[in-house]
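Reader: Can you walk me through this one? I have some questions about the fold and the packing.

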Amino acid sequence: TPNTTAHSTPPLLRKIEGVNAQPIVPSSQSLRDYVADQLTSEQFELYQMFASAGVEDFAWMSSDDAPRNLHEIKNFARRSGKNHGPGKCMWADEFALRTIS
C-alpha cells in the first residue's frame, strides 16, 4: 500500500513499499497540493513583483480576486483549471515545475 504520511520528498520520488518499490503516479491534485504546501512568503512577494512589472504570465496576480497573502495564494495554487477556468488557477509555472521535479 502507498505510504500516506506527510513527506518532504517530492511526490514523484515517493515509492510504494514492496519488493520492487515502484514509483507512485501522483494525481494532478496531489501535485497542486504539494506545490501549494511549498509556497513561501518570499515566493508570494516574487509573484507580486512580476505582476507589478507587467510580466504577462503573472497578470493573474493583478486581477480583482488575486491572492492577497500567503494563505490565499496557497488556496489559489490548489485550484484546478478544469474546475475554475483559465486565469483562475496557478499551475506549471517555473516554481511549480522546480518543486515537483
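Author: What follows covers the makeup of the chain, its core, one helix pair and one residue.

Author: This is a predicted model, where local features need pLDDT of at least 70, side-chain atom pairs count only at pLDDT 80 or more, and totals for chains, interfaces and linings use all residues. Residues are numbered from 1 along each chain as its sequence is written, and side-chain values use heavy atoms, with hydrogens and water left out.

Reader: How many helices and strands are there in the protein chain?

Author: Five helices and zero strands, in the order α-α-α-α-α along the sequence. Helices are DSSP runs of H or I with at least four residues, strands are runs of E with at least two, and both are numbered from the N terminus.

Reader: What percentage of the residues is buried?

Author: Of the 101 residues in the protein chain, 30% are buried. Buried means under 20% relative accessible area, with a 1.4 Å probe and protein chains only.

Reader: And which residues touch the most other members of the largest nonpolar core?

Author: Leu39, Tyr47, Trp60, Met61, Ile73 and Met90, in a core of 18 residues. Two or more residues each come from α1 (28-38), α2, α3 (70-78) and α5 (94-100), and α1 gives the largest share, four residues. A nonpolar core here is a set of buried Ala, Val, Leu, Ile, Met, Phe, Trp, Tyr and Cys residues joined through side-chain atoms within 4.5 Å.

Reader: What does Met90 touch?

Author: Leaving out residues up to four places away in sequence, Met90 touches Leu39, Tyr47, Trp60, Phe76 and Ala77. Contact means heavy atoms within 4.5 Å.

Reader: Switching topic. At what angle do α1 and α3 pack?

Author: About 165 degrees, with the axes 8 Å apart. The axes are lines fitted to C-alpha atoms over the stretch in contact, and angles run from 0 to 180 degrees between N-to-C directions. α1 is therefore roughly antiparallel to α3, a term for angles over 145 degrees.

Reader: Which residues make that contact?

Author: From α1, Gln29, Arg32, Asp33, Ala36 and Asp37; from α3, Lys74, Ala77 and Arg78.

Reader: Last one: why does Gln43 count as buried?

Author: Because its relative accessibility is 11%. Gln43 sits in helix α2, residues 41-52. Not counting residues up to four places away in sequence, Gln43 touches Phe95 and Arg98.

How values were computed:
Buried < 20%, exposed > 50% of the residue type's maximum accessible area, 1.4 Å probe, protein only. Parallel < 35°, antiparallel > 145°, perpendicular 65-115°, else oblique.
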